[in-house]
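Visitor: I would like a close look at one part of this structure. Please take a single helix, go through what surrounds it, and then show how it fits into the rest.

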Protein chains: 2
Amino acid sequence: MPLTLTCLPGIPLIRPGDNLVEMIGTALERAGLVLQDGDILVLAQKIVSKAEGRMLNLARVNPSARALELAASIDKDPRLVELILQESREVLRTRPGTIIVEHRLGFVCANAGIDHSNVAGLGDGQEEWVLLLPENPDDSAHRIRQGLERAASVHVGVLIIDSHGRAWRQGTVGAAIGLSGMPGLVDLRGSPDLFDYTLRITQVGAADELAAAASLVMGQAAEGTPVVHVRGFPYPLREGSLEELLRPKELDLFR
Amino acid sequence: MPLTLTCLPGIPLIRPGDNLVEMIGTALERAGLVLQDGDILVLAQKIVSKAEGRMLNLARVNPSARALELAASIDKDPRLVELILQESREVLRTRPGTIIVEHRLGFVCANAGIDHSNVAGLGDGQEEWVLLLPENPDDSAHRIRQGLERAASVHVGVLIIDSHGRAWRQGTVGAAIGLSGMPGLVDLRGSPDLFDYTLRITQVGAADELAAAASLVMGQAAEGTPVVHVRGFPYPLREGSLEELLRPKELDLFR
């Protein structure tokens, strides 16, 4: 079976409290898609965060002394730096405009996943609002999955993604930040290859590969297509979590 | 248009000198696919390397003093270490069994992309053969693309991929190592978002996102499906190269 990724058209702009499950259901109908066992819905982090009310008005943020100092050194809004620090466990590196952190959710990313774009329309001053990542994206994915499964009587996976930079490569790629009902990591160690030469080291970041694929079809500027329907995911669905994808700190060579 | 990725069935085991263009053409026919303008063919590095005769018999490798020393410190075959060093510009990190290098092609990867698995059947001793990456994967992609375009009178892209680990995440993901006729990086900076708030930093690693998607459907153990046909790539095709995806060393915070 081919792997098919379809953007669901007509998802409206999301506001706090919106019911994503209903909106996805309507969008699936509009696209003529009927959910089947094994399908996966991929959601851009932004709509999950907005539905969960994770917007903050920068005007109400009081930067700490540490945030003020760091902000001055990298030429960045100290209120934003304050939020980045609050959302992070550790600062790994800084460069002008960018703070690479270990997010409180455990992954490494730039600016704790907080940005300005696409959060306007929520207050009176466009630049004053920012959006934090969901409180617990695995839980968010699980709730959305339960809603979809109840409505359609099928077993599906749900994946929440964001765009991440990479240490050594240019350009962002989609990465998993939360998931439910699908594997994060697929362990092929011990599988024989074509010559019965046992694969020794292969663990596949399957959820990240799917995140990248979905990110490709969502595009970056188009908040209008934040949900992608996936059919043909090649591995069996199972319970899964973001944790599987996080390299334990003691195995990290690049802190 | 949905993004559709289809594994081409029945690609035979590749041997040095094999004509990949013909084999892909036959496999497309078998799959009932007729190439269209804008389609992309994604090839696993292994078949390109094999067709180009990039196998080496380890028995013929004489490790240098440096390779012997490094091999002892990380418990790895010194002949393999010798080849890894020959294929690399710089060693970034080591841990038992693994050397993270800047490959001579410019990207950072483990063990210079050299491994043992799936290279048997070429000599008498299964474990004695290893496969190096193609000499110049952009050129390889370009030659294959020219062959496909001539045969089918269409404009297509060709992408050669390998599986790479990531600095902070578990599991490998597909990554571009060579390309032709498609963008590596897509620059959306300056594009307006839904609120006309200009995107300031977004460059998308589009070829890497597609590499991850294709890697997902190829699987890891299955050398039988090393070619994936892609329809619905969302960005315009153009000339492109691996270089676009490589972060300049002076901007690299994680050496």
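Guide: What follows is a walk along one helix and then outward from it. The model is a predicted one, and the helix chosen is α5 of chain A, residues 137-152.

Start at Pro137 of chain A, which lies in helix α5. Is A:Pro137 buried or exposed? There are 27 other C-beta atoms within 10 Å of A:Pro137, and 20 or more are needed to count as buried, so this residue is buried. Its contacts, leaving aside neighbours within four places in sequence, are A:Val48, A:Leu105, A:Ile160, A:Ile177, A:Gly178 and A:Leu242. Another residue, A:Ala214, stands 77 places away from A:Pro137 in sequence, and the C-alpha atoms of the two are 17 Å apart in space.

Further along, α5(A) has a partner. Which residues of α5(A) meet helix α1(A)? They are A:Ile144, A:Gly147, A:Leu148 and A:Ala151, and on the side of α1(A) they meet A:Leu20, A:Val21, A:Ile24 and A:Gly25. Sorted by type, the residues of this contact are 6 nonpolar, 2 polar and no charged. The axis of α1(A), a helix of residues 20-30, comes within 9 Å of the axis of α5(A), and the two cross at roughly 50 degrees. That angle falls neither under 35 degrees nor in the range 65 to 115, so α1(A) is oblique to α5(A). The crossing is right-handed.

Past the helix comes A:Ser153, in the loop between α5 and β8 (157-164) of chain A. A:Ser153 has 8 other C-beta atoms within 10 Å; 12 or fewer count as exposed, so A:Ser153 is exposed. The phi angle of A:Ser153 is near 50 degrees, which is positive, and the residue is not a glycine. Most residues other than glycine have a negative phi. Chain B offers another such case: B:Ala112, also not a glycine, has a positive phi of about 55 degrees. B:Ala112 sits in the loop between β6 (108-110) and β7 (129-131) of chain B. Unlike the exposed A:Ser153, B:Ala112 counts as buried, because it has 25 C-beta neighbours inside 10 Å.

For a second helix pair, turn to α3 (residues 65-74) and α4 (residues 78-86) of chain A, whose axes come within 8 Å and cross at roughly 120 degrees. These helices are therefore oblique to each other. Their crossing is right-handed. From α3(A) the contact uses A:Arg66, A:Ala67, A:Leu68, A:Leu70 and A:Ala71, and from α4(A) it uses A:Pro78, A:Val81, A:Glu82 and A:Leu85. Here the residues divide into 7 nonpolar, no polar and 2 charged.

Now the wider setting. Chain A holds 6 helices and 12 strands. Of its 255 residues, 51% are buried. Of the contacts in chain A between residues at least 6 apart in sequence, 59% join residues at least 24 apart. In soluble globular proteins, nonpolar side chains tend to be buried together. The largest nonpolar core in this model has 152 residues, and A:Leu159, A:Leu210, B:Leu159 and B:Leu210 have the most contacts inside it. One of these, A:Leu210, touches A:Ile40, A:Val42, A:Leu159, A:Val230, A:Phe233 and B:Leu216, not counting residues up to four places away in sequence.

How values were computed
Residues are numbered from 1 along each chain as its sequence is written. Chains are lettered from A and ligands numbered from 1 in the order in which they are written. This is a predicted model: local features need pLDDT of at least 70, side-chain atom pairs count only at pLDDT 80 or more; totals for chains, interfaces and linings use all residues. Axes are lines fitted to C-alpha atoms, for helices over the stretch in contact, and angles run from 0 to 180 degrees between N-to-C directions. Helices (H or I, at least four residues) and strands (E, at least two) are DSSP runs, numbered from the N terminus. Angles under 35 degrees count as roughly parallel, over 145 as roughly antiparallel, 65 to 115 as roughly perpendicular and the rest as oblique. A crossing is left-handed if the near helix is turned anticlockwise from the far one by less than a right angle, and right-handed if clockwise. Two residues are in contact if their C-beta atoms, placed from the backbone, lie within 7 Å. Ala, Val, Leu, Ile, Met, Phe, Trp, Tyr, Cys and Pro count as nonpolar, Asp, Glu, Lys and Arg as charged, and the others, Gly among them, as polar. A nonpolar core is a set of buried Ala, Val, Leu, Ile, Met, Phe, Trp, Tyr and Cys residues joined through C-beta atoms within 7 Å.
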